[in-house]
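Subject: Handover of a protein structure

Dear colleague,

Please find below the structure that I am handing over to you. A summary of the findings follows it.

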Amino acid sequence: MMDIRQQTGPSALSSDAIRTLGERLHGALILPDDPRYDTARRVYNAMHDRQPALIVEAADVADVMTAVTFARQQELALAVRGGAHSLPGFGTCDGGLVLSLERLRGIRVDPEGRCARAEGGCTWADLNHASAAFGLATTGGIVSTTGIAGLTLGGGFGFLARRCGLACDNLLSADVVTADGDFLTCSERRHAELFWAIRGGGGNFGVVTSFEYRLHAVSDILGGPTFYPLDAEVMRHYREWIAAAPEALGAILGITLGPPLPCLPERWHGQPVIVVLTCWSGPPAEDAAVREQLAELGPVLGQAVQRMPYPAINTLFDELLPAGLYHYWKGCFSRSLTDAAIAEYIEHGARTPCLESATLLFPLDGACRRVAEDATAFAFRDADFATAVGASWPDPADSERNIAWARAYYQALRPHSEAGGYVNFMSADDAGRVRDNYRQHYARLAAIKARHDPTNLFRLNQNIAPAGSDSA
């Protein structure tokens with residue numbers, strides 16, 4: 001598997017340079033001999049055990065500007081870490097500088113304007129908690145410990161996408177520190193090209209230190225899992241149901257091994273099953289109708305669907321997927337869920353190797369489709385579904401088996417999928433797919449990259465090379 005490790009340019013950093021950097025920071029500078037180092041260098045995905053030369057825990061925007069300038073001047077690899085959930089391990093590196101935003105967690109909600117500004121180190125748990133106090137929410141990730149930054153910059157799927165659009169569709173403005181250390185506030189009216197690029201273009205263009213989101217009236221929802229046998233008929237029924245469903249219905253289909261939950265009979269624990277994760281944000285008076293529709297998808301093996309605060313639905317995977325597991329994911333988009341594709345999902349889903357692993361299908365119709373194709377850098381407005389083939393496991397001895405399953409599964413889905421995939425579901429060996437991931441937008445993104453990061457300082461990502469460079 002491709003290794004994203006990047007070494008420093010110079011053979012060694014001078015002690016004077018390191019001391020000067022430390023003096024200019026309000027936050028922490030952590031070096032390999034610091035007792036905090038081993039904790040500070042860890043990331044969510046245990047596959048990536050890197051040894052950075054320096055870790056900067058920024059306390060404010062000034063620290064971010066200082067760290068970016070230092071990395072550029074010293075020709076260091078620069079890894080930017082928000083929530084540390086990057087599956088390919090882009091939030092860390094060997095021999096370079098890790099810029100951690102974990103201290104930048106401030107949030108201000110404007111309930112009258114229905115918007116919120118959140119700093120780049122926030123997780124979705126942070127933002128969901130703050131906005132829920134006002135009966136408001138925006139589309140976010142389905143694991144609450146995920147950082148808002150990486151998910152939004154890549155596009156951002158979630159339970160509210162059919163009703164509210166992608167996370168990037170709800171971005172109103174952003175503060176960005178560019179490769180030259182400048183601070184820019186971008187929106188539709190200011191630095192509009194940069195604003196276009198960061199909505200789907202990933203972390204290629206700078207460090208986003210704060211995000212301003214549009215919020216929507218969402219309070220309690222009807223949500224939770226419903227389990228079914230692993231059967232093609234269930235998937236066909238789901239395909240027809242979601243296509244006709246009101247946009248207030250978020251329903252993600254998963255294929256996994258039955259978890260040891262009280263709502264699922266013990267004989268199904270560890271057996272391949274289909275799960276539909278429901279988030280109905282429509283009127284409570286229609287809850288019964290949603291329950292009836294779930295019952296019509298197929299034989300219900302178990303169910304835990306109930307009224308809950310919206311933030312709760314995004315915590316359902318938290319215990320199953322704690323930090324420290326090993327992850328290898330693949331992603332693809334499809335314009336339809338054909339019977340031939342369903343056959344592959346059933347065949348490979350039946351071989352799911354581990355309780356923590358899952359296949360997830362995110363529907364992308366509704367509000368996602370009402371955004372113009374060229375309005376953001378996210379390039380798959382014509383897709384019906386985004387698929388994540390998520391291999392996750394606790395024992396490193398099982399790595400080869402789990403990775404092989406994900407790769408075989410992805411290869412089987414390729415004939416039924418678009419050429420590109422979702423950048424946030426990509427692994428480190430997917431660099432060859434970057435042009436396909438951005439389709440018709442790639443040339444425009446490469447030109448913006450050349451303008452704001454001509455030396456490709458921000459290269460630890462699904463990288464867009466600057467236009468005119470040898471690798472472009």
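Which residues in α8 meet which residues in α11? On the side of α8 they are Ala232, Met235, Arg236 and Arg239, and on the side of α11 they are Asp339, Ile342, Tyr345 and Ile346. Sorted by character, the residues of this contact comprise 5 nonpolar, no polar and 3 charged.

Before the details, a word on the model itself. The model is a predicted one. Its mean pLDDT is 95, and 97% of the residues of the protein reach 70 or more. Over residues 1-11, however, the pLDDT is below 50. That stretch has 33 contacts in the model beyond near neighbours in sequence.

Packing of α8 and α11

Helix α8 covers residues 232-244, and helix α11 covers residues 339-349. The two pack at an angle of about 130°, and their axes are 10 Å apart. An angle that is neither under 35 degrees, nor over 145, nor from 65 to 115 counts as oblique, and α8 and α11 are therefore oblique to each other. The crossing in which α8 passes α11 is right-handed.

Packing of α11 and α12

Helix α11 also packs against helix α12, which is formed by residues 399-413. The axes of α11 and α12 come within 9 Å and cross at roughly 170°. Angles over 145 degrees count as roughly antiparallel, so α11 is roughly antiparallel to α12. The crossing of α11 and α12 is right-handed. From α11, the contact is made by Ala341, Glu344, Tyr345, His348 and Gly349. From α12, Trp405, Ala408, Tyr409, Ala412 and Leu413 take part. The residues of this contact divide into 7 nonpolar, 2 polar and 1 charged. Tyr345 of α11 thus deserves a second look: Tyr345 is among the residues that meet α8, and Tyr345 is also among those in the contact with α12.

The surroundings of Gly254

Is Gly254 buried or exposed? Gly254 has a relative accessible area of 0%, and because buried means under 20%, Gly254 is buried. This residue lies in strand β13, which spans residues 249-257. Leaving aside residues up to four places away in sequence, Gly254 touches Val273, Ile274, Val275, Thr359 and Leu360. Of these, Leu360 is 106 residues from Gly254 along the chain, yet the C-alpha atoms of Gly254 and Leu360 are separated by 4.4 Å.

Yours sincerely

Definitions and conventions. Residues numbered from 1 in each chain as written. Predicted model: local features only at pLDDT ≥ 70, side-chain atom pairs only at ≥ 80, totals over all residues. Heavy atoms only, no water. pLDDT = per-residue confidence, 0-100. Contact = heavy atoms within 4.5 Å. Axes fitted to C-alpha atoms, helices over the stretch in contact; angles between N-to-C directions. Helix = DSSP H or I, 4+ residues; strand = E, 2+ residues; numbered from the N terminus. Left-handed = near helix turned anticlockwise from the far one by under 90°. Nonpolar A, V, L, I, M, F, W, Y, C, P; charged D, E, K, R; others polar. Buried < 20%, exposed > 50% of the residue type's maximum accessible area, 1.4 Å probe, protein only.
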